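Grab a pencil and work through the exercises below. Try each task yourself before you read the solution.

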Amino acid sequence: MKKSILILFSSFCFLNSYGQESPEIDSLFRNSYTVFELQRLPNGMYRDATLFSGSDYHPISIANTGMGLIALCIADAMGWINNGSELALNTIKTATGHTSGFLPDRTSNGYYRHFMDINTGEQAWNSEYSTIDSAILVSGALFSMNYFQHDSISHYTTELWNSINFNDAIDNSSTGQIYLSMDSDGNGINNSLTRPYNEYMIVAWLAKNYSSESNNLGTILWNNHYSSPSLLPSISYQGRSVLSDNNNSFLSSFTHQFNYFLCNYFTTSTEYLTYFKNSQEADRSWWQNMDYNLFEWGLGAGSAITSSYHADAINNNEDLIVSPQIIAGYIPVNPESKSNLIDLWNSNLGKFNLPNVNNDPILWRYSKSNTTWIPNEIIGIDYSSMLFGLSTLTEYLGIDFFSTYNDFFTSSALSIDQLESTFEIKVYPNPTSDHLYIELGKFCKNISISILNSLGQPVLRNTYDNLEKINIPLKLHKGLYLLTIDYSEGIETSKVIIR
């Protein structure tokens with residue numbers, strides 16, 4: 001299936017106007033996608049980071065893989081690549097365990113390791129099973145499904161969505177506590193919790209849309225905490241009220257930007273956009289108090305000096321590191337960001353060359369307190385705000401690009417019910433322990449049934465012919481499984497819980 005005529009027309013118009021307004025921004029925008037090209041692996045997954053010099057050693061970042069999927073949508077819309085849907089399909093198939101030799105390490109209810117071995121999918125860097133990183137991967141896949149409108153991408157993305165129970169990430173819907181990490185059995189780790197507000201709003205958003213039932217745990221948490229920013233903690237900086245997870249300290253600005261780009265409720269809410277603008281003004285004001293150039297600001301995350309990695313925030317930026325990607329990430333609410341980036345570019349501040357054949361320049365983190373410091377790497381997920389923010393400029397894809405394609409769950413895009421079921425098939429009992437009934441609604445031929453575990457490994461494959469009702473005996477361990485029914489009417493996927 002092809003994208004809408006509107007998007008094709010927009011891309012055509014872009015190709016005729018590209019490069020006519022700001023050559024510095026044109027170069028920065030295109031080179032920002034090159035970052036993700038450098039981090040992409042042959043199996044479609046994305047490394048955590050790229051070294052500015054030397055041989056890359058970083059493992060797969062499951063969150064950066066989600067950001068990489070969105071990067072493909074941008075590159076396709078801009079006309080930089082002509083095989084975007086093929087690349088996205090490769091990524092999603094590998095992430096769901098459909099690439100030979102690669103089995104991602106996941107919990108029984110679907111959560112991924114933060115970092116994985118680039119060849120096998122096994123745990124890397126002693127990383128945790130991460131709820132937020134899994135949520136970013138799923139968000140990227142849903143974004144690409146919305147954008148490409150490709151049957152196979154939709155199939156494997158639906159499989160991915162159905163393989164993770166985001167309600168299991170919720171510890172307490174009353175307090176809003178969400179688990180940061182899970183154990184291999186899919187249980188939340190009790191000493192690993194976070195409260196609203198932060199980037200885990202993305203997890204909460206997916207949990208809210210996990211089911212259309214009013215008693216859905218995610219819906220309850222959302223209504224208690226995220227349905228209005230007035231329900232969330234905030235802190236004031238020079239008269240600007242900024243959302244935070246407490247009333248005493250500020251969050252890094254990437255937190256607000258990730259929510260803007262990945263959570264449609266945030267993207268389209270006047271209330272949330274007011275707080276988004278407040279966070280931008282607070283960030284810039286903090287830097288202005290130190291009497292630097294007006295175009296030098298941005299409190300982001302990435303490589304640092306006193307520690308290997310740091311998430312900078314107001315009153316918490318010991319190395320005085322400027323994050324240009326944050327300037328770009330605020331473009332949707334701050335048109336001046338464009339001229340600020342041009343000034344940085346022309347002043348050679350934070351300007352580094354990528355390790356590709358052309359040594360393409362980009363803007364990345366630099367320190368005001370130690371001007372000789374050079375970061376050794378560019379971290380994909382932290383850099384994503386640069387590419388995403390620049391894409392929203394009117395001369396490129398425009399501000400509606402994200403609000404259109406991060407709209408995963410409404411009737412204009414893809415409803416929850418479509419994700420849960422696309423055919424009139426009954427699967428019961430569910431949860432179950434020892435058997436499963438499948439009612440097809442009519443006699444069908446050439447029926448193929450498969451069940452995959454949370455690692456994407458097949459645990460059952462059977463074929464049937466000329467049946468209306470199928471009884472499947474089961475001998476499976478407890479956990480979440482994915483049932484796929486391939487028959488004459490189409491392909492159906494459904495979650496099955498084994499008690």
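**Exercise 1: Unusual peptide bonds**

In which loop does proline 429 lie?

Solution. Bear in mind throughout that you're looking at a predicted model.

- Step 1: Find the strands on either side. Proline 429 sits in the loop between strand S18 (426-428) and strand S19 (435-444).
- Step 2: Check the bond leading into it. From tyrosine 428 to proline 429 the peptide bond is cis, with omega near -15°.
- Step 3: Look for another case. The bond from proline 196 to tyrosine 197 is cis too, with omega near 10°. Tyrosine 197 belongs to the loop between strand S8 (193-194) and H7.
- Step 4: Put that in context. Most peptide bonds are trans, and most residues other than glycine have a negative phi.

**Exercise 2: Positive phi angles**

Work out whether leucine 320 is buried or exposed, and do likewise for asparagine 348.

Solution.

- Step 1: Start with the backbone. Leucine 320 has a phi near 50°, a positive value in a residue other than glycine. You'll find leucine 320 in the loop between S12 and strand S13 (321-322).
- Step 2: Use the cut-off. Buried means under 20% relative accessible area. Leucine 320 has 17%, so it counts as buried.
- Step 3: Turn to asparagine 348. Its phi is near 55°, again positive in a residue other than glycine. Asparagine 348 lies in the loop between H13 and strand S14 (351-353).
- Step 4: Exposed means over 50%. At 54% relative accessibility, asparagine 348 therefore counts as exposed.

**Exercise 3: A helix tucked away**

Explain why helix H13 (residues 337-346) can be called largely enclosed by the rest of the structure.

Solution.

- Step 1: List the buried residues of H13: Ser337, Lys338, Asn340, Leu341, Ile342, Leu344 and Trp345.
- Step 2: Compare with the helix length. Seven of its 10 residues are buried, so H13 is largely enclosed by the rest of the structure.

**Exercise 4: Classifying ring pairs**

The structure holds 38 aromatic pairs. Decide how to label the pair of phenylalanine 143 and phenylalanine 401, then the pair of tryptophan 205 and phenylalanine 409.

Solution.

- Step 1: Know what to look at. A pair of aromatic rings is described by the distance of the centres and the angle of the planes.
- Step 2: For phenylalanine 143 and phenylalanine 401, the centres are 5.8 Å apart and the planes make 55°, which is a tilted pair. The two rings link distant parts of the chain: phenylalanine 143 is in helix H5 (residues 131-148) and phenylalanine 401 in helix H15 (residues 400-405), 258 residues apart. Both phenylalanine 143 and phenylalanine 401 are buried.
- Step 3: For tryptophan 205 and phenylalanine 409, the centres lie 6.2 Å apart with planes at 70°, so this pair is edge-to-face. Tryptophan 205 is in helix H7 (residues 201-208), while phenylalanine 409 is in the loop between H15 and helix H16 (416-420), so the pair ties together parts that are 204 residues apart in sequence. Tryptophan 205 and phenylalanine 409 are both buried as well.

**Exercise 5: Closed cavities and an open pocket**

What is the volume of the largest cavity, and which helix gives the most to its lining?

Solution.

- Step 1: Count first. There are two cavities of 30 Å³ or more.
- Step 2: Read off the volumes. The largest cavity has about 70 Å³, and the second largest about 60 Å³.
- Step 3: Look at the walls of the largest cavity. Helix H9 (253-262) and helix H11 (270-288) each supply at least two lining residues, and H11 gives the most, with three. The lining divides into eight nonpolar, three polar and one charged residue.
- Step 4: Do that for the second largest cavity. Its lining has three nonpolar, five polar and two charged residues, including Arg106 and Glu159.
- Step 5: Finish with the largest pocket, at about 790 Å³. This pocket is lined by 40 residues, of which His114, Phe254, Tyr309, Ala311 and Asp382 lie nearest its centre. Its lining splits into 20 nonpolar, 13 polar and seven charged residues.

Notes. Residues are numbered from 1 along each chain as its sequence is written. This is a predicted model: local features need pLDDT of at least 70, side-chain atom pairs count only at pLDDT 80 or more; totals for chains, interfaces and linings use all residues. Side-chain values use heavy atoms; hydrogens and water are left out. Rings of Phe, Tyr and Trp (its six-membered ring) pair if their centres lie within 6.5 Å; planes under 30 degrees apart count as stacked, over 60 as edge-to-face and the rest as tilted. Helices (H or I, at least four residues) and strands (E, at least two) are DSSP runs, numbered from the N terminus. Buried means under 20% relative accessible area, exposed over 50%, partly exposed in between (1.4 Å probe, protein chains only). On a 1 Å grid over the protein atoms alone, a cavity is a set of points where a 1.4 Å probe fits but cannot get out, and a pocket is an open set with protein on both sides within 12 Å along at least five of seven lines; lining residues have an atom within 4 Å of a point. Grid points are joined across faces, edges and corners, and a volume is the space filled by probe spheres set on the points. Ala, Val, Leu, Ile, Met, Phe, Trp, Tyr, Cys and Pro count as nonpolar, Asp, Glu, Lys and Arg as charged, and the others, Gly among them, as polar.
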